[in-house]
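Work through the exercises below with the sequence and the structure open beside you. Try each task before you read the solution that follows.

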Amino acid sequence: MAHQHKRGIARTQTALLPAAVEDYVAAHSIVRVIDEYVNGLDMVALEFDKSVPAATGRPGYAPDDLLRLYLYGYWNRVRSSRRLEIECKRNLEAMWLMSQLAPDHKTIADFRRVNARAFQLMCAQFVQFLRGQKLVGGEAPVVAVDGSKFKASASKSSLVTAEQAAKQRQKIEQRIGQYLEQMDQADAQEDAEVEPSAERIEAALKRLRQRDQQLEQAQAELAAQGAGAKAKEERTPRVGLTDPDCVMLSGKGGATLAGYNVQQAVDAQHKLIVAHEVTTHANDRTSLEPMASQAQQVLGAAEMTVLADTGYMNGAQAQGCEAKGITPVVPMPEVPNTHGEAFYPKRMFSYDKTTDSYRCRAGEVLKRYKHDRTAETDYYWTRACAGCAHKARCTKSERRSIARSWYAEAAERAHERARGNATLMRLRSATAEHPFGNLKAILDGGFLLRTLPKVKGEMALGVLTYNLKRTLNILGIEQLMQKLRTHRTLISV
Ligand code: SF4
């Protein structure tokens, strides 16, 4: 008998697939976790759009079904509404989760677009579930704060400066002039064969005029922005033509991107994200206190320790944390000597709190001579510099001046805690970097939605997916399902 290849079963043969959709899905499939989780949500309380069915018209899709589909999609890195539509028709797990409903991509996309706030509420509610299960928080929790830049749904070239907008408008004007000339020539020839080309020109003109209008608006916004908040944070103020809320950010190695700076606070116990925020800040210097404070409230902790890297060092922020019962542990960055590398660094000047003065290498006392309220900084110097033997190594100016922030002590305390505890610093990187690695994978390629409110919603979906996955890894499927079920019973009683 001749050898044959292995072949499947005839497609026309009936009753070979399980009769019930339930049998398509394995007992330990993640869709069962997603289903159990969504079953426990109060869609009305979470303010999901159309959570109360309309009294008239054709019945719409239930928001909990669309939520199940999105959580499954984000879990499996399928985020586009078109791809989710396809999954509903060919993926057995998606078919099980959706009870074989297959909404079109527009319905799927609309659901994500309009429910940004509901996603954020849902994400916050899950953190409370985690707290109830004692997976986060506790008596004196340790939280790591970190930030990462995520690409916006916009290119760098869509962020224009006033100068670029003016140049582009000039080019558009020239191009419009050329097209109009071509159309005049076509009219003069009265040649029927040029008609399709005239149509194309009209379409091109329409696009150019639309672009010109956008640029005009950008120019108006940049003029109004002036010394506004956004302008203050960026060296050159820009306006986004595609996503008006995203900003130009510097990534690692000096590369730039149009995006958002996402901040997160991660509980060190199990690396679960307890708070997050999508910001347009160019750096992390003003994010320590807001993020630590948000985490403290979420965890209901009277005392808390916050760990962060050098990018977060800011005396005012450290002092703000201390005032709230939060202990900041943040190392100071290596600051270049503003007087030049050949000169004595600031650390060679010792500060004496009792006399509020510095002592220099020559043993002279530098007294406070300026109290700058705007910079919240004091300045110190001595008249002894003129005849000092060290002057050539100390300053090129008439006198050496030392600046001291009003918050220097809080900054020094945060630094000392970090310097004296290498274990805490290792815990910081182990805690904060794991979730961001996962979030980058979940939101691979950056955000799909535009404008800050919608981006916040998408980020909340990403964070919730991460926390759900992480909880599954910690507890295992059976224990997690059991806890979700118990939690549902408790809140519905
Ligand atoms: S130059 Fe002035 S500040 Fe520097 S060591 Fe001499 S006295 Fe001190």
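**Exercise 1.** Decide whether Lys440 is buried, partly exposed or exposed, and place Lys440 in its helix.

*Solution.* Begin with the relative accessible area of Lys440 in this predicted model, which is 34%. Buried means under 20% and exposed means over 50%, with partly exposed in between, so Lys440 is partly exposed. Next, find the element: Lys440 belongs to helix H14, which covers residues 422-442. Finally, look for Arg211, which is 229 residues away from Lys440 along the chain, and note that the C-alpha atoms of the two are separated by 32 Å.

**Exercise 2.** Ala258 and Gln263 both have a place in strand S5; find out how accessible each one is and how far each lies from a given partner in the chain.

*Solution.* Strand S5 is made of residues 256-267, and Ala258 is one of them. The relative accessible area of Ala258 is 2%, which puts Ala258 in the buried class. For Gln263, also in S5, the value is 0%, and Gln263 is buried as well. Now turn to the distances, taken from C-alpha to C-alpha: Ala258 and Arg485 are 227 residues apart in sequence and 42 Å apart in space. Gln263 and Asp146, on the other hand, are 117 residues apart along the chain, and their C-alpha atoms are separated by 5.9 Å.

**Exercise 3.** Examine the backbone angle phi at Lys50 and Ser99, and then say whether these residues are buried or exposed.

*Solution.* Lys50 is not a glycine, and yet Lys50 has a positive phi of about 60°. Its place is the loop between helix H1 (30-39) and helix H2 (63-75), and with 63% relative accessibility Lys50 counts as exposed. Ser99, which is not a glycine either, has a positive phi of about 50°. The loop that holds Ser99 runs between helix H4 (92-97) and helix H5 (105-114), and at 55% relative accessibility Ser99 counts as exposed. As a last step, compare the position of Ser99 with that of Ala27, which is found in the segment before H1 and is exposed, with a relative accessible area of 58%. Ala27 and Ser99 are 72 residues apart in sequence, while 17 Å lie between their C-alpha atoms.

**Exercise 4.** Describe helix H15 by its span, its burial and the residue that follows the helix.

*Solution.* Helix H15 consists of 24 residues, 452-475, and reaches 34 Å from its first C-alpha to its last. This is close to the 34 Å expected at 1.5 Å a residue. Then consider burial: 17 of the 24 residues of H15 are buried, so the helix is largely enclosed by the rest of the structure. After H15 comes Gly476, whose phi is positive, near 85°.

**Exercise 5.** Which residues are around the ligand, and how many of them are nonpolar, polar and charged?

*Solution.* Collect the residues around the ligand: Phe349, Cys360, Ala362, Glu364, Cys385, Cys388, His390, Lys391, Cys394 and Arg400. Sorted by class, this shell has six nonpolar, one polar and three charged residues. The space that the ligand takes is the largest cavity.

Notes
Residues are numbered from 1 along each chain as its sequence is written. This is a predicted model: local features need pLDDT of at least 70, side-chain atom pairs count only at pLDDT 80 or more; totals for chains, interfaces and linings use all residues. Side-chain values use heavy atoms; hydrogens and water are left out. A residue is near a molecule or strand if one of its heavy atoms lies within 4 Å of it. On a 1 Å grid over the protein atoms alone, a cavity is a set of points where a 1.4 Å probe fits but cannot get out, and a pocket is an open set with protein on both sides within 12 Å along at least five of seven lines; lining residues have an atom within 4 Å of a point. A molecule sits in a cavity or pocket if more than half of its atoms lie within 2 Å of its grid points. Ala, Val, Leu, Ile, Met, Phe, Trp, Tyr, Cys and Pro count as nonpolar, Asp, Glu, Lys and Arg as charged, and the others, Gly among them, as polar. Helices (H or I, at least four residues) and strands (E, at least two) are DSSP runs, numbered from the N terminus. The expected span of a helix is 1.5 Å times one less than its number of residues. Buried means under 20% relative accessible area, exposed over 50%, partly exposed in between (1.4 Å probe, protein chains only).
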